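Thanks for coming, everyone. I'll take you through one model this morning. Please have a look at the screen.

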Amino acid sequence: MKIFISADIEGVTTTTVWDETNPSHSAYPLHAKQMTDEVLACIHGAKSAGATEIVVKDAHGPAANIDPTRMPSGVTLIRNWSGHPYAMVFGIDKTFDAALFVGYHSAASKMGNPLSHSLSLKLSYLKINGELASEFTIYSYAAALEGVPSVFLSGDKMLCDDSKDLHPKLVTCAVKDGVGASTMNYSTEDTLKNIRELSENALKQDLTNALVKLPDNYEVELCYKEHKQAEMVSWYPGVKRESEYVVSFSSKDYFEVLRTLKWILWW
């Protein structure tokens with residue numbers, strides 16, 4: 001069994017404020033270690049379920065947060081950014097049996113995590129077909145584009161609740177909750193145990209019909225926090241200015257959605 005794991009940091013058990021996610025801040029090492037620990041728990045769960053080949057994408061910020069010296073045999077770690085539109089799931093392809101997501105967080109404008117955002121802090125929200133889109137939505141759809149089902153997600157409770165019906169056989173693991181600027185951080189001991197057990201359970205399912213049916217068309221709407229940013233990206237081919245802060249574009253090809261998002265958000 002060949003497994004792909006994508007990991008972020010704003011949805012790990014311990015993080016609450018932005019400084020804790022920033023490598024230049026003194027608080028960061030503790031949370032990078034927790035990110036590594038949660039990824040390892042997922043790896044061990046996958047191995048217990050029969051995974052023989054595992055690829056991990058470090059998908060936060062500099063993409064150099066996970067300790068590579070702690071990756072066990074049979075695991076390949078992808079660090080930094082290739083420039084490919086798959087971004088947080090770069091490296092995934094049709095040879096994988098399942099995708100698992102660790103440390104993910106609620107979408108921009110959602111209140112379940114003080115670190116909620118969608119791809120960029122420039123946005124107030126990002127919607128796909130009228131629904132707020134989290135990074136999990138965006139990149140689990142990218143996995144589906146390759147025919148790979150998403151079967152496990154850990155992160156804040158609101159993301160888990162919002163995402164539980166997004167994929168037919170998705171198993172979720174909430175590791176914290178949030179209200180306003182505060183978080184209720186669950187025990188790290190309990191979290192690691194739960195991630196290991198639930199990721200194993202997710203992969204031991206009958207994964208027949210686990211692949212989500214992707215929409216036939218994508219209507220994407222982005223609301224920027226500053227009107228000057230909406231003005232700049234409105235000149236990208238296919239992007240339309242809807243109001244002072246809002247732009248939109250549409251496509252029947254999800255890869256084109258990912259390519260457009262990369263170029264209008266990652267500049």
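Let's begin with a term. A pocket, here, is an open set of grid points with protein on both sides within 12 Å along at least five of seven lines. One caution as well: this is a predicted model.

So, the largest pocket. How much space lies in it? About 440 Å³. Its lining is made up of 18 residues. Closest to the centre are Glu10, His60, Gly61, His117 and Leu119. What classes make up that lining? There are 9 nonpolar residues, 5 polar and 4 charged.

On to the second largest pocket. The volume there is about 370 Å³. The lining of this pocket has 18 residues. Glu131, Leu132, Thr137, Asp162 and Leu166 are the closest to its centre. Three elements each give two or more residues to this lining: strand S6, at 131-132, helix H2, at 135-145, and helix H3, at 157-163. Which of them gives the most? That is H3, with 4 residues. By class, the second largest pocket is lined by 8 nonpolar, 4 polar and 6 charged residues.

Now a helix. H1 runs over residues 28-48, which makes 21 residues. Does its length come out as expected or not? At 1.5 Å a residue, H1 should span 30 Å, and its end C-alpha atoms are 30 Å apart, so the two agree. Is H1 mostly covered or mostly open? Mostly covered: 15 of the 21 residues in H1 are buried. Buried means under 20% relative accessible area. After H1 comes Gly50, and its phi is positive, near 115°.

Last, the sheet. Strands of a sheet pair through backbone hydrogen bonds, either parallel or antiparallel. This one is an open sheet of 7 strands, and the pairing is mixed. Read across, the order is S3-S2-S1-S4-S7-S8-S9. Which strands sit at the edges? Strand S3, at 75-78, and strand S9, at 182-185, each pairing on one side only. From one strand to the next, the twist averages 20°.

Let's stay with the S9 edge. Strand S8 covers residues 171-179. S8 and S9 pair in the antiparallel sense, over 4 bridges. Which residue stands opposite Met184 of S9? Asp177 does.

To recap, then. We have a pocket of about 440 Å³ and a second of about 370 Å³. We have H1, with 15 of 21 residues buried. And we have an open sheet of 7 strands. That's my tour.

How values were computed: Residues numbered from 1 in each chain as written. Predicted model: local features only at pLDDT ≥ 70, side-chain atom pairs only at ≥ 80, totals over all residues. Heavy atoms only, no water. 1 Å grid on protein atoms, 1.4 Å probe; cavity = no way out; pocket = protein on both sides within 12 Å on 5 of 7 lines; lining within 4 Å. Points joined across faces, edges and corners; volume = space filled by probe spheres on them. Nonpolar A, V, L, I, M, F, W, Y, C, P; charged D, E, K, R; others polar. Expected span 1.5 Å × (residues − 1). Buried < 20%, exposed > 50% of the residue type's maximum accessible area, 1.4 Å probe, protein only. Pairing = 2+ DSSP bridges. Axes fitted to C-alpha atoms, helices over the stretch in contact; angles between N-to-C directions.
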